[in-house]
Amino acid sequence: MKTPNPPRGWILAGMLAACSAFSCGPDNGLTLAKVSGKVTFNGQPVENGTIFFMPDESKGTEGPPAVGSIIAGGHYIMSTESSGDGVIVGSHKVGITGVEAKPVADSEVIDLESNPLGYMKAKAKASQARRQSPNAKDLMTDRGGRKYRYVTPLKLVNPQESGIAVEITGAKTMNFDVAEDGSVKIQ
């Protein structure tokens with residue numbers, strides 16, 4: 001079974017399209033606020049991933065989205081036009097994608113067509129691991145073909161469906177603590 005392309009590719013494509021539509025540049029008239037913080041899952045730092053702030057047009061916030069890479073220690077800094085410049089002031093829907101810091105070894109990824117028996121054994125082993133370890137998730141494939149395990153619930157990937165909403169009024173530190181059930185506490 002092929003895993004869909006990572007949301008990161010769609011996020012970057014969307015940002016480029018939005019920047020084109022809104023003429024990103026020094027004289028674009030956008031009011032940005034610096035936003036940074038930390039993303040944790042069950043109290044532990046997410047070591048790799050992406051956080052995405054999508055302006056909520058239904059609440060009057062329009063403009064390009066902002067994206068931040070989640071790095072070691074769970075830290076992120078949001079960027080709209082250039083690195084670390086922030087987020088458009090207003091209401092946003094937020095998406096969070098957390099994946100393991102290191103890709104899955106090729107030996108752990110088995111193709112159904114080339115090795116049906118090995119594939120079925122791997123699926124059974126993964127199913128057992130999921131029951132034993134609630135953090136085990138499906139795989140995400142990056143543009144380089146590397147596969148990563150999700151560490152945060154998949155329902156949080158899409159800002160339109162995550163249920164996470166924030167209001168940005170000025171520069172702030174926002175920490176997102178994701179729980180096993182996909183609920184998120186914002187501090």
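**Entry 1. Terms and overall make-up**

I take a pocket to be an open set of grid points where a 1.4 Å probe fits, with protein on both sides within 12 Å along at least five of seven lines, and its lining residues to be those with an atom within 4 Å of a point. I note that the model is predicted.

I looked up the secondary structure and found 2 helices and 14 strands in the protein chain. The chain has 187 residues, and 39% of them count as buried. I then looked up its exposed surface, which comes to about 10500 Å², with carbon and sulfur atoms supplying 53% of this area. For contacts between residues at least 6 apart in sequence, I recorded that 69% join residues at least 24 apart.

**Entry 2. The second largest pocket**

I looked up the volume of the second largest pocket and noted about 150 Å³. Its lining consists of 10 residues, and I found Phe41, Pro45, Val46, Glu47 and Val151 to lie nearest the centre. By residue class, I counted 6 nonpolar, 2 polar and 2 charged residues in this lining.

**Entry 3. Nonpolar cores**

I turned to the largest nonpolar core, which has 22 residues. Ile51, Phe53, Tyr76, Ile96 and Phe176 are the members I found with the most contacts inside it. I traced the elements that give two or more residues to this core: strand 2 (35–41), strand 4 (49–55), strand 5 (66–70), strand 8 (90–98), strand 11 (164–168) and strand 13 (176–178). I also recorded a second, separate core of 5 residues, among them Val99, Tyr148, Tyr150 and Val157.

I then listed the partners of Ile96, leaving aside neighbours within four places in sequence. Ile96 is in contact with Val39, Thr50, Ile51, Ile70, Thr152, Leu156, Val157, Ile164, Phe176 and Val178.

**Entry 4. Val39**

I located Val39 in strand 2. Val39 has a relative accessible area of 0%, so I entered this residue as buried. Beyond the residues up to four places away in sequence, I found that Val39 touches Gln44, Pro45, Val46, Ile51, Ile70, Gly74, Tyr76, Ile96 and Phe176. One of these partners, Ile51, is 12 residues from Val39 along the chain, and I noted a C-alpha separation of 8.6 Å for the pair.

**Entry 5. Gly95**

I placed Gly95 in strand 8. I entered Gly95 as buried because its relative accessible area is 1%, under the 20% cut-off. With neighbours within four places in sequence left aside, I found Gly95 in contact with Thr50, Ile51, Phe52, Leu156, Val157, Asn158 and Pro159. I also looked up the spacing between Gly95 and Phe53: the two are 42 residues apart in sequence, and their C-alpha atoms are 6.7 Å apart in space.

**Entry 6. Three loop residues**

I found Asn42 in the loop between strand 2 and strand 3 (44–45). I noted that phi of Asn42 is near 55 degrees, a positive value in a residue other than glycine. Asn42 has a relative accessible area of 40%, which lies between the cut-offs of 20% and 50%, so I entered this residue as partly exposed.

I next looked up Gly84, which is found in the loop between strand 6 (75–77) and strand 7 (87–88). Is Gly84 buried or exposed? I entered Gly84 as buried because its relative accessibility is 17%, under the 20% cut-off. Not counting residues up to four places away in sequence, I found that Gly84 touches Lys34, Ile77, Met78 and Ser79. For Gly84 and Gly68, which are 16 residues apart along the chain, I recorded a C-alpha separation of 8.4 Å.

I finished with Thr169, which lies in the loop between strand 11 and strand 12 (172–173). The relative accessibility of Thr169 is 62%, over the 50% cut-off, and I therefore entered this residue as exposed. I also noted that Thr169 and Val89 are 80 residues apart in sequence and 5.5 Å apart in space, C-alpha to C-alpha.

Methods
Residues numbered from 1 in each chain as written. Predicted model: local features only at pLDDT ≥ 70, side-chain atom pairs only at ≥ 80, totals over all residues. Heavy atoms only, no water. 1 Å grid on protein atoms, 1.4 Å probe; cavity = no way out; pocket = protein on both sides within 12 Å on 5 of 7 lines; lining within 4 Å. Points joined across faces, edges and corners; volume = space filled by probe spheres on them. Nonpolar A, V, L, I, M, F, W, Y, C, P; charged D, E, K, R; others polar. Helix = DSSP H or I, 4+ residues; strand = E, 2+ residues; numbered from the N terminus. Buried < 20%, exposed > 50% of the residue type's maximum accessible area, 1.4 Å probe, protein only. Contact = heavy atoms within 4.5 Å. Areas by Shrake-Rupley, 256 points an atom, 1.4 Å probe, with all protein chains shown as cover. Core = buried A, V, L, I, M, F, W, Y, C linked by side-chain atoms within 4.5 Å.
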